[in-house]
2 protein chains.
Amino acid sequence: MPSPLSPAPQPSLRERKRERTRHALIDAAAELFGRQGYDETTVAEIAAAAEIGTRTFFTYFASKEDLLFPESDARARITLEAIADRRADEGPVDILLRALDTVAETDTDMVSPMAAVRTRLFRTVPAVRGKAMQVQMDTQQEIARALSTAFPDRLDRVTAAALAGAFTGAVAGAVTALLDTALLDEEDAEGKADGPRAEQPFDHRALIREATAVALAPWRR
Amino acid sequence: MPSPLSPAPQPSLRERKRERTRHALIDAAAELFGRQGYDETTVAEIAAAAEIGTRTFFTYFASKEDLLFPESDARARITLEAIADRRADEGPVDILLRALDTVAETDTDMVSPMAAVRTRLFRTVPAVRGKAMQVQMDTQQEIARALSTAFPDRLDRVTAAALAGAFTGAVAGAVTALLDTALLDEEDAEGKADGPRAEQPFDHRALIREATAVALAPWRR
DNA sequence: AGCGTTTCTGCATCGAGTGCAAGTTTGCAT
DNA sequence: ATGCAAACTTGCACTCGATGCAGAAACGCT
């Protein structure tokens with residue numbers, strides 16, 4: 001029983017319902033994609049599984065691909081906050097690396113069921129990869145703008161864009177490489193003692209951070 | 001008249017014909033995209049303009065987007081050659097810098113009519129942007145693999161990928177930033193003296209050279 | 001309960017892309 | 001030249017993603 005006077009910022013029934021079916025769509029899609037693959041799953045199937053009309057799907061997501069990136073701006077937000085909260089002695093590269101740490105810690109999306117599916121699809125379905133890259137480029141431009149206004153005297157627009165590109169490019173490259181090798185190893189390890197299959201995402205993060213720091217080293221002077 | 005005994009490596013009639021219609025498709029598409037836009041141009045129109053059946057289009061290009069990146073692997077080839085031809089005293093960074101210089105000199109794609117159209121579409125059509133990033137990422141991973149096998153003791157896969165990503169990301173970021181300002185200026189200048197609208201409103205090659213210089217400056221120490 | 005505003009949904013339609021089964025052209029050996 | 005096999009081209013039918021439209025249903029508010 002909710003306290004009667006709490007200024008409950010509870011969204012209206014409409015919005016709650018909308019959020020519920022939104023999640024139903026994501027869950028249904030994750031399940032179907034995982035079971036039959038991306039191309040083999042039609043929008044009509046997803047909609048049916050979430051019990052809405054096919055046409056209605058497109059009022060929730062502009063496209064089938066958008067379904068895969070429900071929180072696309074979370075990482076960008078964190079990075080922009082990192083820039084805003086900078087200490088006086090931090091250079092641009094320091095800020096970006098700190099943002100990367102924060103993302104690694106707080107990103108809840110990495111454990112969602114959709115995330116697991118997405119990483120698999122990223123390697124195999126061109127459309128998924130293309131969409132991911134597009135999202136990346138959008139956030140990259142935001143970061144570039146924020147950087148150049150935060151360091152007006154050290155970073156002009158073009159240099160800021162270069163740095164932002166170097167950063168996101170380095171991270172994306174490292175993640176992709178890691179993902180590739182990880183999944184290859186997994187295939188190799190197949191058939192041998194199929195024990196509890198311990199995952200080690202923690203030193204993955206350390207690896208990514210190290211590699212990014214090395215790649216960006218020339219940018220800190 | 002060709003010397004009768006020259007071991008002319010002339011491709012067969014079949015291949016020449018194929019190459020001809022291939023270019024006809026690219027030219028027709030460049031013209032149509034430039035005139036009516038990307039989404040407003042159908043594959044059927046392009047095929048008709050090149051005088052082939054609609055169905056046949058897809059034996060030349062796997063998709064409408066592929067039409068926009070006809071030489072997508074040229075840059076990767078040059079870079080891989082640069083890695084193969086490295087001198088003993090060259091580090092990974094030196095090689096990449098040299099490769100990019102070579103690309104700047106020898107890349108003919110930058111002056112093709114398609115290039116001008118592509119840069120315009122890159123800013124406005126999501127599908128084009130996504131495809132471009134995907135191409136970039138693919139070549140990047142190839143370069144990373146080659147780098148880490150060329151320097152097995154200095155670069156693991158992940159670090160090599162981060163380095164390659166940082167490089168291409170920096171250049172790409174700088175290019176788009178510079179392109180944005182260039183194209184915005186151009187729009188501003190619109191309405192005044194609407195002269196013949198010079199078909200090559202800016203020098204791609206110079207622009208890319210400038211962006212590359214800015215983006216890679218930190219690595220050149 | 002009743003009314004205005006969203007939201008949902010079916011229907012019709014368009015464009016990208018694919019499989020198939022012809023027809024057509026090219027390369028090559030006789 | 002002639003004929004034949006392989007490669008290439010093409011139309012047809014079809015699937016799927018995506019959009020516009022208009023009526024039906026659900027919601028919020030009085």
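**Chain pairing and DNA contacts in a predicted complex**

In this predicted model, 34 residues of chain B are in contact with 35 residues of chain A. Three helices of chain B each give two or more residues to the side that touches chain A: H7 (126–150), H8 (157–188) and H9 (204–220). H8(B) gives the most, with 18 residues. By class, this side of chain B holds 20 nonpolar residues, 10 polar residues and four charged residues.

The two chains are related by a simple operation. A rotation of 176°, with 0.3 Å of shift along its axis, superposes chain B on chain A, and the RMSD is 2.1 Å. The relation is therefore that of a two-fold axis. The same surface serves both copies, as 91% of the contact residues of chain B recur in chain A.

Chain A has nine helices and zero strands. Read from the N terminus, its elements run α-α-α-α-α-α-α-α-α. Chain A has 221 residues, and buried residues make up 33% of them. Among the contacts in chain A with a separation of 6 or more, 66% join residues 24 or more positions apart.

The largest nonpolar core comprises 64 residues. A:Ala174 and B:Ala174 touch the most other members of this core. H8(B) supplies its largest share, 15 residues. The contacts of B:Ala174 reach into both chains. On chain A, B:Ala174 touches A:Val158, A:Ala161, A:Ala162 and A:Gly165. On chain B, its partners are B:Ala211, B:Val214 and B:Ala215, leaving aside residues up to four places away in sequence. A second core of 42 residues is separate and includes A:Ala50, A:Leu67, A:Val128 and A:Val135.

Both protein chains also lie near DNA. Around DNA strand C there are 21 residues. Those that come nearest are A:Ile52, A:Gly53 and A:Thr56 from chain A, with B:Ser12 and B:Ser63 from chain B. In chain A, helices H1 (13–36) and H3 (54–60) each supply at least two residues of the surface near DNA strand C. In chain B, helices H1 (13–36), H2 (43–49) and H3 (54–60) each do so. H3(A) gives the most to this surface, with four residues. The surface near DNA strand C has six nonpolar, eight polar and seven charged residues.

DNA strand D is surrounded by 20 residues. The closest are A:Ser12, A:Leu13 and A:Ser63 from chain A, and B:Gly53 and B:Thr56 from chain B. Here H1, H2 (43–49) and H3 of chain A each give two or more residues to the surface, as do H1 and H3 of chain B. The residues of the surface near DNA strand D divide into six nonpolar, seven polar and seven charged.

A database annotation covers part of chain A. An unreviewed UniProt entry places the feature "DNA-binding region" at residues 42–61 of chain A. Over residues 42–61 of chain A, the chain is 70% helix and 0% strand. The end C-alpha atoms of this stretch are 14 Å apart. A:Ile52, A:Gly53 and A:Thr56, listed among the residues that come nearest to DNA strand C, fall within the annotated range, residues 42–61 of chain A.

How values were computed:
Residues numbered from 1 in each chain as written. Chains lettered and ligands numbered in written order. Predicted model: local features only at pLDDT ≥ 70, side-chain atom pairs only at ≥ 80, totals over all residues. Contact = placed C-beta atoms within 7 Å. Nonpolar A, V, L, I, M, F, W, Y, C, P; charged D, E, K, R; others polar. Least-squares fit on C-alpha atoms with pLDDT ≥ 70 in both. Near = placed C-beta within 6 Å. Buried ≥ 20, exposed ≤ 12 C-beta atoms within 10 Å, placed from the backbone. Core = buried A, V, L, I, M, F, W, Y, C linked by C-beta atoms within 7 Å. UniProt positions renumbered as here; feature names shortened; annotations may be inferred.
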